[in-house]
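Me: I've got a structure with a ligand open on my screen, and I'd like to learn how to read the pockets. Can you walk me through it?

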Amino acid sequence: MNNQFSLQGKTAWVTGASYGIGFAIAKALAGAGANIVFNDIGQTQVDKGLAAYKEDGVLSRGYVCDVTDENAVKETVAKIERDVGVVDILVNNAGIIKRIPMTEMSVEDFRKVVDVDLNAPFIVSKAVIPGMIKKGGGKIINICSMMSELGRETVSAYAAAKGGLKMLTRNIASEYGAYNIQCNGIGPGYIETPQTAPLRERQSDGSRHPFDQFIIAKTPAARWGTTDDLKGPAVFLASSASDFVNGHILYVDGGILAYIGKQP
Ligand code: NAP
Ligand code: GCO
């Protein structure tokens, strides 16, 4: 059967994918047939990731690589090409957030967030695009955010970076679409991962965190997303089913961006 969603024989690199959203996306791509590689900052995280993939029956290769370090990224691309093959699918997932009011935020902290969330997708994409061009095409998926569209208190650096990532996505699509490279974004809504754990912490009286209640009221689906919610969209954007989709941000947010929010 000609399965447009098959990733059989493809090499997929998901950055920062020892756990969380990247881990779930990598498993989904593996389920569609791709050979999975991932990276993380330290050997400890990579080892944890390797064990977690193994436990779930997924073959993977893990590399120690800080995505903000251009030399390390170039070396990792060379290793992936040697060990597995040219990267056909890149998911720029690695990301950080610092929740600090803007007037209290140091410029070092602001730069750090922009470095991981915006500069790194530039560095990693730049490193894999030549291989994709030689091979005749490729897929790049940038993990954007609600903050690619919306602002809120304390996340100025994150919103600036994720807004920039949306435009980097459109620009890669514009610049390399003629080489059969599709670059799209996934904009997750509020997803249950360690990154958002502080926003869901139970209060001392056992009640839900006010931000948790706020998100439920702001989401038509009336729940937080799970990493599983991102699997189908990732396979779609990684596969030939999306070959004429380019420069698009697919928001997977349970309807947040469509909704004014539930009246209190
Ligand atoms: P997470 O649980 O914090 O995982 C992020 C991953 O990125 C971790 O494995 C982290 O590794 C890795 N990482 C951070 N800096 C790195 C670097 N310089 N080099 C290599 N790896 C690095 O986050 P998540 O919630 O799964 O989020 C994944 C992506 O989705 C991020 O880009 C995030 O902004 C985005 N996103 C998340 C949500 C949400 O609700 N959770 C919503 C929208 C978008 P360490 O643990 O070793 O630091
Ligand atoms: C926050 C959150 C968000 C989400 C996500 C939304 O503090 O508002 O951490 O920014 O993680 O990116 O899509």
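Reply: Sure! Keep in mind that this is a predicted model. Start with the neighbours: ligand 1 is surrounded by 28 residues, and the closest are Tyr19, Asp40, Asn93, Tyr158 and Thr193.

Me: What kinds of residues make up that shell around ligand 1?

Reply: Sort them by chemistry. In the shell you'll find 15 nonpolar residues, 10 polar ones and three charged ones.

Me: And which atoms of the protein pair up with the ligand's oxygen atoms?

Reply: Look for N or O atoms of the protein within 3.5 Å of N or O atoms of the ligand; such a pair is called a polar contact. Here, the side chain of glutamine 45 has an N or O atom 3.0 Å from an oxygen atom of ligand 1. Lysine 162 also uses its side chain, with a polar atom 2.9 Å from a ligand oxygen. With isoleucine 191 it's the backbone that takes part: one of its polar atoms is 2.8 Å from an oxygen of the ligand.

Me: How much of ligand 1 does the protein bury?

Reply: Compare the ligand by itself with the ligand in place. Alone, ligand 1 exposes 890 Å², and the protein buries 92% of that.

Me: Which helices and strands give two or more residues to the shell?

Reply: Those are helix H1 (20-31), strand S2 (35-40) and helix H5 (156-176).

Me: Now the pockets. How does a program find empty space?

Reply: The idea is to roll a probe the size of a water molecule over the atoms, which shows where empty space is left. In this model, the largest pocket is the space that ligand 1 takes. That pocket holds about 820 Å³ of space.

Me: What lines the largest pocket?

Reply: Its lining has 39 residues, with Asn93, Ala94, Gly95, Ile96 and Gln195 nearest the centre. H1, S2, helix H4 (107-135) and H5 each give two or more residues to this lining. H1 provides the largest share, three residues. By chemistry, the lining splits into 20 nonpolar, 13 polar and six charged residues.

Me: How much space lies in the second largest pocket, and what lines it?

Reply: There's about 230 Å³ in that one. Its lining is made of 17 residues, and those nearest the centre are Lys10, Gly137, Gly138, Lys139 and Asn180. Run the chemistry check again and you get three nonpolar, nine polar and five charged residues.

Definitions and conventions. Residues are numbered from 1 along each chain as its sequence is written. Chains are lettered from A and ligands numbered from 1 in the order in which they are written. This is a predicted model: local features need pLDDT of at least 70, side-chain atom pairs count only at pLDDT 80 or more; totals for chains, interfaces and linings use all residues. Side-chain values use heavy atoms; hydrogens and water are left out. A residue is near a molecule or strand if one of its heavy atoms lies within 4 Å of it. A polar contact is a pair of N or O atoms within 3.5 Å; within protein, one must be able to donate a hydrogen and the other to accept it, and residues adjacent in sequence count only if both atoms are side-chain atoms. Accessible areas come from the Shrake-Rupley method with a 1.4 Å probe; for residues, only the protein chains shown count as cover. On a 1 Å grid over the protein atoms alone, a cavity is a set of points where a 1.4 Å probe fits but cannot get out, and a pocket is an open set with protein on both sides within 12 Å along at least five of seven lines; lining residues have an atom within 4 Å of a point. A molecule sits in a cavity or pocket if more than half of its atoms lie within 2 Å of its grid points. Helices (H or I, at least four residues) and strands (E, at least two) are DSSP runs, numbered from the N terminus. Ala, Val, Leu, Ile, Met, Phe, Trp, Tyr, Cys and Pro count as nonpolar, Asp, Glu, Lys and Arg as charged, and the others, Gly among them, as polar. Grid points are joined across faces, edges and corners, and a volume is the space filled by probe spheres set on the points.
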